[in-house]
Amino acid sequence: MNRLHLNNATGGRLALLTAALIWGSSFIVMKDAVDHLPVFQLLAIRFTLAGLLLAIVFRKRLMQSARSLLSHGAVCGVLLLGGYATQTFGLMTVTPGTNAFLTSVYCVMVPFMAWMFFRKRPTAYNWLAAVMCIGGIGLISLSGDLTVGAGEALTLLSGVFYALHIMALSRFGEKDDPIALTIVQFMMSAALAWMFTLTTERGAAFPALSVWPQLLYLTVFATAVTLVCQSVGQSLTPPSQSAILLSLESVFGALFSVLLGRETLTLPILCGFALVFVSVIVSETQLAFLRRK
């Protein structure tokens with residue numbers, strides 16, 4: 001029994017780490033794609049294709065789910081679209097680094113929300129890890145002075161949506177099949193995104209062929225695969241630790257920028273990597289190895 005629990009816990013953390021890795025790689029792809037498509041149309045295509053793909057692959061699990069899945073998926077879908085939309089609109093007017101940093105405030109918000117909604121008091125190690133993680137992400141992502149304009153405000157709002165989304169997944173993932181929950185929330189997000197596209201984005205048109213490789217990557221990997229990993233991972237991992245692991249997308253985002261020649265590896269970035277890594281160790285182990293006799 002203990003071995004099974006350990007395997008589930010390890011699998012949950014690996015799933016969240018995989019999601020963070022893919023999301024980190026998607027910052028550059030998303031920045032390029034939003035230059036060719038309106039925001040809600042881009043999100044509508046992502047969620048529609050990802051939802052259909054998962055519905056086909058996991059149709060049996062979807063049909064066998066409880067009735068509560070519809071209401072739970074609808075709530076998650078609204079929060080998910082809110083996070084993606086505000087983050088993407090913010091990405092249009094701020095740099096990817098600033099966007100990643102401001103979005104990552106959700107890893108500080110999650111312990112507060114877990115305390116507020118679930119009465120799960122965070123430990124001192126959770127607080128310490130969250131502060132260290134934010135500091136590390138700041139060293140990695142920020143350059144120059146941080147000013148709060150419309151883009152920054154929208155990106156901060158996306159952090160609120162993502163924190164609420166993490167709370168919703170943590171609660172509903174205990175009752176519903178996580179794969180089926182992911183499919184339903186995609187469908188809800190897609191429906192809302194298409195509604196906003198048809199009512200607010202008159203310049204929307206069929207995407208050019210040159211944009212489809214980016215759309216397919218964002219749909220299959222950065223949407224379908226990652227949200228499945230997140231749903232499964234959060235059903236097996238406490239909210240505070242989930243937030244820390246998911247916040248590593250900023251680290252991976254900076255790393256991919258360096259590897260692709262879009263960012264120079266500097267001493268602050270190296271220090272940021274170290275600080276975030278230590279924050280994960282603190283959150284995951286609670287420094288138990290230092291307290292052993």
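# Helices, contacts and burial

Visitor: Why are α4 and α9 called oblique to each other?

Guide: α4 and α9 are oblique because of their crossing angle. The axes of helix α4 (residues 68-91) and α9 cross at roughly 55°. Under 35 degrees would be roughly parallel, 65 to 115 roughly perpendicular, and over 145 roughly antiparallel. The angle of roughly 55° fits none of these, so the pair is oblique. The axes come within 7 Å. The crossing of α4 and α9 is right-handed.

Visitor: Which residues of α4 and α9 make the contact?

Guide: From α4 come L69, L70, H72, G73, A74, C76, G77, V78, L80 and L81. From α9 come A180, L181, V184, Q185, F186, M188, S189, L192, A193 and F196. By class, the contact of α4 with α9 holds 15 nonpolar residues, five polar ones and no charged ones.

Visitor: What kind of model is this?

Guide: This is a predicted model. The protein chain has an average pLDDT of 82. A score of at least 70 is reached by 90% of the residues.

Visitor: Where is confidence lowest, and where is it highest?

Guide: Within the protein chain, helix α14 (residues 288-291) is lowest, with a mean of 62. The highest is α2, at 92.

Visitor: What makes F196 partly exposed?

Guide: F196 has a relative accessible area of 31%. Buried needs under 20%, and exposed needs over 50%. The 31% of F196 lies in between, so F196 is partly exposed. F196 is found in helix α9 (residues 178-200).

Visitor: Which residues does F196 touch, not counting residues up to four places away in sequence?

Guide: F196 touches F40, L81 and E201. F196 and A44 are 152 residues apart along the chain, yet their C-alpha atoms are separated by 9.1 Å.

Visitor: Why are α2 and α10 called oblique to each other?

Guide: Helix α2 (residues 39-57) and helix α10 (residues 212-236) pack at about 55°. That angle is outside the parallel, perpendicular and antiparallel ranges, so α2 and α10 are oblique to each other. Their axes are 9 Å apart. The crossing of α2 and α10 is right-handed.

Visitor: Which residues of α2 meet which residues of α10?

Guide: On the α2 side they are L42, I45, R46, F47, L49, A50, L53 and L54. On the α10 side they are W212, L215, L218, T219, V220, A222, T223, A224 and V228. The contact of α2 with α10 has 14 nonpolar residues, two polar and one charged.

Visitor: Why are α6 and α7 called roughly antiparallel to each other?

Guide: Helix α6 (residues 106-118) and helix α7 (residues 124-141) pack at about 160°. The cut-off for roughly antiparallel is over 145 degrees. An angle of about 160° passes it, so α6 and α7 are roughly antiparallel. Their axes lie 9 Å apart. α6 passes α7 in a left-handed crossing.

Visitor: What residues of α6 and α7 make the contact?

Guide: α6 supplies C107, V108, P111 and F112, and α7 supplies W127, A130, C133 and I134. The contact of α6 with α7 divides into eight nonpolar residues, no polar ones and no charged ones.

Visitor: How do you know that W127 is partly exposed?

Guide: The relative accessible area of W127 is 26%. Partly exposed lies between the 20% and 50% limits, so W127 belongs there. W127 is in helix α7. Leaving aside its neighbours within four places in sequence, W127 is in contact with V108, P111, F112 and P122.

Visitor: Why is I137 called buried?

Guide: I137 has 0% relative accessibility. Buried means under 20%, so I137 counts as buried. I137 is found in helix α7. I137 and F273 are 136 residues apart in sequence and 7.9 Å apart in space, C-alpha to C-alpha.

Visitor: What makes P96 count as partly exposed?

Guide: P96 has a relative accessibility of 32%. That value is between 20% and 50%, so P96 counts as partly exposed. P96 is in helix α5 (residues 96-103). Apart from its neighbours within four places in sequence, P96 contacts F27, K31 and L91.

Visitor: Which residues of helix α12 are buried?

Guide: In helix α12 (residues 249-259), the buried residues are E249, S250, V251, F252, G253, A254 and S257. Just after α12, G261 takes a positive phi of about 80°.

Note on methods:
Residues numbered from 1 in each chain as written. Predicted model: local features only at pLDDT ≥ 70, side-chain atom pairs only at ≥ 80, totals over all residues. Heavy atoms only, no water. Axes fitted to C-alpha atoms, helices over the stretch in contact; angles between N-to-C directions. Helix = DSSP H or I, 4+ residues; strand = E, 2+ residues; numbered from the N terminus. Left-handed = near helix turned anticlockwise from the far one by under 90°. Contact = heavy atoms within 4.5 Å. Nonpolar A, V, L, I, M, F, W, Y, C, P; charged D, E, K, R; others polar. pLDDT = per-residue confidence, 0-100. Buried < 20%, exposed > 50% of the residue type's maximum accessible area, 1.4 Å probe, protein only.
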